[in-house]
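Hello,

Here is the structure I promised to pass on to you. Have a look at it first, and then read my notes below.

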Amino acid sequence: MRYALFAFALAACATTSPSLHLSPCIVAGAAARCGTFDVAESSRSSRTLALKVIVVPATDHSESAIFPFDGGPGQPVTAGAGIEVQVFAAERRLHDVVLVDERGTGGSAPLQCAEAMKKHQRALLEDELLPPSFVADCRREIETHADLAAYSFPYFTDDVEALRRALGYGPINIVGLSYGTRAALTFLERHPRSVRSMLLLGPLAPENIPPLYFPRDAQAAIDRLIADSAATFPDFSTELRRVFDGLEQKPAEVVDGDHHLRITRGAFGEFFRSMLYSAENQSRLPLVIHLAATGDWTSIAPLFVHYRNAWYDTIGPFMAVTCPTDIRAIDPNEISTATTGTLLGDYRVRRQIAACEQWAPGTVPRVHVRTDVDVPILMITGDIDPVTPARWAKSIETRAKRARTIILANSGHVETNPCAVALEVSFFAAGSFERLDDSCARSITRPPFLTKLP
């Protein structure tokens, strides 16, 4: 606890001399300004971090700026610059959009461990999730050039506040996606006067400690999937149980290219859970389970390899944020209660706890929902979201002074569809949700279930 409070204090009072360097650039055909915002890593180091920044100006005039916070954690925000220009063009009529990669991600002093990735390349694909030996090697490699305690959300949100001031903006609009909603709530807690409005897509409530509740929330999406697919796959529920029980007894052995995969129940369960995130991928799952039930793992192997290949892309910032923010807040006595009776069980929770034992020590104080700040908070979630279902948004809504939840029908986790885009544009244009028309949220249909793989 002493270490946690010490680290938090350092984040609040680290001496910095930030400097902004922007020049004209073109992003997806739109005129913008690109460059860096230099900040001190921490008061414990002499390193300066050059945060990658893209500012896409409003096409009419800027009434207030929008700052997106991406999820993961570890996903770089600037990678979505083209989407901001093309998909959210209407949003930019009245708002500058400021994209800044969180420290440790993308183009902002990324926490990468290329040598550890190379050394453990085969194990990362073929073995259980998050091999502790890999995590230990990754940590040692990154620690040669980074203070791992300086990459949590208090530091990031203070970076954003400093950037807001450097750009000369008043209160900003924040759109948080998935784990980025935790960063958004942290910003609101630390800099409440700097927020005009806040949109939380797939909100991660403070009491939701990922991945502790992943199995329970996924189970609700699985039950809904079984019901919705019954007409096309009447044996889905039976085959699902048969596949998982079979993998418990004997892992699937399959060769895909140069990879000899040994797919255990836990490893397959996490692959299965990842496909629950979007309605489109959910439409493939009954077929995937049917193929597995008939022993056709050869068709599944490329999907599994693709999933695992992408899993470790942002492992550095993922560990740097999740270990002190959530994993060390999990009470081991609560794991059984949270996971018993679910299809997925405690595999992910146990694997991540073991991995964080190999990471740098320390904790970050839990974020709280500000109850005294009159900032409109709009939350959008899907009714088949397996990660942040509506109950978590409702939890925030009961405590925030001014909040509203909209549930998108037949939608998964942070789905970008025309309805979600329209709601975001309207919300930020008005700066409030009181007159927001959410009728489109109830008219979204589920994609048809696939009967053969593409």
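**What surrounds helix α14**

Please keep in mind that this is a predicted model. A good place to begin is helix α14, where the cover over its buried residues includes α5 (132–143), α6 (153–167), α7 (180–190), α13 (297–311) and α16 (347–356). The helix itself spans residues 315–325, and 11 of its 11 residues are buried. Among them are I315, F318, M319 and V321, and the list also includes T322, C323 and T325.

**Two cis peptide bonds**

Next, two spots in the backbone to look up. G72 and P73 are joined by a cis peptide bond, with omega about -5°. P73 sits in the loop that runs between β4 (66–69) and α2 (81–86). The other cis bond goes from P210 to P211, and its omega is near 5°. You will find P211 in the loop between β7 (195–201) and α8 (214–228).

**Two residues with positive phi**

Finally, two residues that are not glycines have a positive phi. For A109 the angle is about 45°, and the residue belongs to the loop between β5 (97–100) and α3 (114–119). A109 is partly exposed, with a relative accessible area of 28%.

V414 has a positive phi of about 50°. Its place is the loop between β11 (403–408) and α18 (418–430). V414 is partly exposed as well, at 25% relative accessible area.

Enjoy exploring it!

Best wishes

Methods
Residues numbered from 1 in each chain as written. Predicted model: local features only at pLDDT ≥ 70, side-chain atom pairs only at ≥ 80, totals over all residues. Heavy atoms only, no water. Buried < 20%, exposed > 50% of the residue type's maximum accessible area, 1.4 Å probe, protein only. Helix = DSSP H or I, 4+ residues; strand = E, 2+ residues; numbered from the N terminus. Contact = heavy atoms within 4.5 Å.
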